[in-house]
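Before you work with this entry, please read the numbered points in this note alongside the sequence and the structure.

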Amino acid sequence: MPPYLSLVLPAFNEAAAIGQTISEIVAWLEARGLTYEIIVAADGSDGTREVVREMARTNARLRAIGHPERLGKGRGVREAVALAEGEIIGYADADNKVPIEEFAKLEPWLKEFPIVTGSRAIDRSLVERRQPLYRRLGSIGFHWFMHAATGLWHITDSQCGFKFFRRDVAVNLFARQKIDGYMFDVEILALAQALGYVVKEVPIRWRDDGDSRLELVRGNLRNMRDVMRIRLLAGAAQRPSDRRQV
């Protein structure tokens, strides 16, 4: 019987954190009596996949996929969604930036909306540990550019890595999704808008992990290129009638 929830954890060299993240998620889901599967999409060669596979020896609902080289967060999530069997399919950060308990805030909205995503921008008092000032300043201009290019003005936080979908919607969107890198979050929302899916944002708790692996200038140049590609991909998406899909 398919599980209620398929949770994807995209990861890159997260061997030190993935065990604790999975343990916390499993404990919370099982305490609530929710059936689940957890798919860790792990690129890198630090042993993250091996950690998950060892845990899977005692919990068959865990699975690890991925590649030794870094092929991108978007690609990892896309490949995991193609394998997911849950009634609800979602993804969260492998380093536990958003505690799994926040799913309880999003879950009820999935009865009304096909896509429900966390937002750090609606209630900033819930941000427990903020990003460094230089990262916050560097992201402001990029976000204005991204919203102008994609028309996602109604979305307050496009790249919060805590998103959940009804199964049919996830399968449809990720079958169309092409961006391999970080901008896949924006692509999914742009495709959803083009296809008429309504997105519900919910304020969630979030904490920065101080990850210094993200490249601010070089990364944003690459992201700007991907946003322009997203604009073309969303424009080419088949548009149904103007009726909103809920």
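The points below go from the whole chain to its helix contacts and then to single residues.

1. The coordinates come from a predicted model and should be read as such. The chain contains eight helices and nine strands, and 50% of its 246 residues count as buried. Among the contacts that join residues at least 6 apart in sequence, 82% are between residues at least 24 apart.

2. The contact between helix α1, which covers residues 15–31, and helix α2, which covers residues 48–56, brings their axes within 8 Å, with a crossing angle of roughly 30°. Because angles under 35 degrees count as roughly parallel, α1 is described as roughly parallel to α2. The crossing of α1 and α2 is right-handed. On the α1 side the contact is made by A15, I18, G19, I22 and S23, and on the α2 side by T48, V51, V52 and M55. Sorted by class, the residues of this contact comprise six nonpolar and three polar ones, with no charged residue.

3. A second helix pair is formed by α6, which spans residues 167–176, and α7, which spans residues 184–195. The axes of α6 and α7 come within 10 Å and cross at roughly 115°, so that α6 is roughly perpendicular to α7. The crossing of α6 and α7 is likewise described as right-handed. From α6, the residues N172, L173, F174 and R176 take part, and they meet F184, E187, I188, L191, A192 and L195 of α7. The contact of α6 with α7 has seven nonpolar residues, one polar residue and two charged residues.

4. A175 also belongs to helix α6, and with a relative accessibility of 58% it counts as exposed, because the term applies over 50%. The C-alpha atom of A175 is separated by 7.9 Å from that of A82, although the two residues are 93 apart along the chain.

5. The loop between β4 (88–91) and α4 (103–106) holds D95, and N96 lies in that loop as well. Are D95 and N96 buried or exposed? D95 has a relative accessible area of 17% and N96 has one of 9%, so both fall under the 20% limit and count as buried. The side chain of D95 makes a polar contact, at 2.7 Å, with the side chain of K97.

6. The backbone of N96 deserves a separate look, since this residue has a positive phi of about 65° although it is not a glycine. As background for that remark, most residues other than glycine have a negative phi.

7. A positive phi is also found at N13, where the value is near 50° and the residue is again other than glycine. N13 is placed in the loop between β1, covering residues 5–12, and α1. With a relative accessibility of 33%, N13 counts as partly exposed, because that value lies between the limits of 20% for buried and 50% for exposed.

8. For a visit to the model, two places may serve as starting points. One is the contact of α1 with α2, including I18 and I22 of α1 and V51 and V52 of α2. The other is the loop between β4 and α4, where N96 is found and where D95 has its place.

Note on methods. Residues are numbered from 1 along each chain as its sequence is written. This is a predicted model: local features need pLDDT of at least 70, side-chain atom pairs count only at pLDDT 80 or more; totals for chains, interfaces and linings use all residues. Side-chain values use heavy atoms; hydrogens and water are left out. Helices (H or I, at least four residues) and strands (E, at least two) are DSSP runs, numbered from the N terminus. Buried means under 20% relative accessible area, exposed over 50%, partly exposed in between (1.4 Å probe, protein chains only). A polar contact is a pair of N or O atoms within 3.5 Å; within protein, one must be able to donate a hydrogen and the other to accept it, and residues adjacent in sequence count only if both atoms are side-chain atoms. Axes are lines fitted to C-alpha atoms, for helices over the stretch in contact, and angles run from 0 to 180 degrees between N-to-C directions. Angles under 35 degrees count as roughly parallel, over 145 as roughly antiparallel, 65 to 115 as roughly perpendicular and the rest as oblique. A crossing is left-handed if the near helix is turned anticlockwise from the far one by less than a right angle, and right-handed if clockwise. Contact means heavy atoms within 4.5 Å. Ala, Val, Leu, Ile, Met, Phe, Trp, Tyr, Cys and Pro count as nonpolar, Asp, Glu, Lys and Arg as charged, and the others, Gly among them, as polar.
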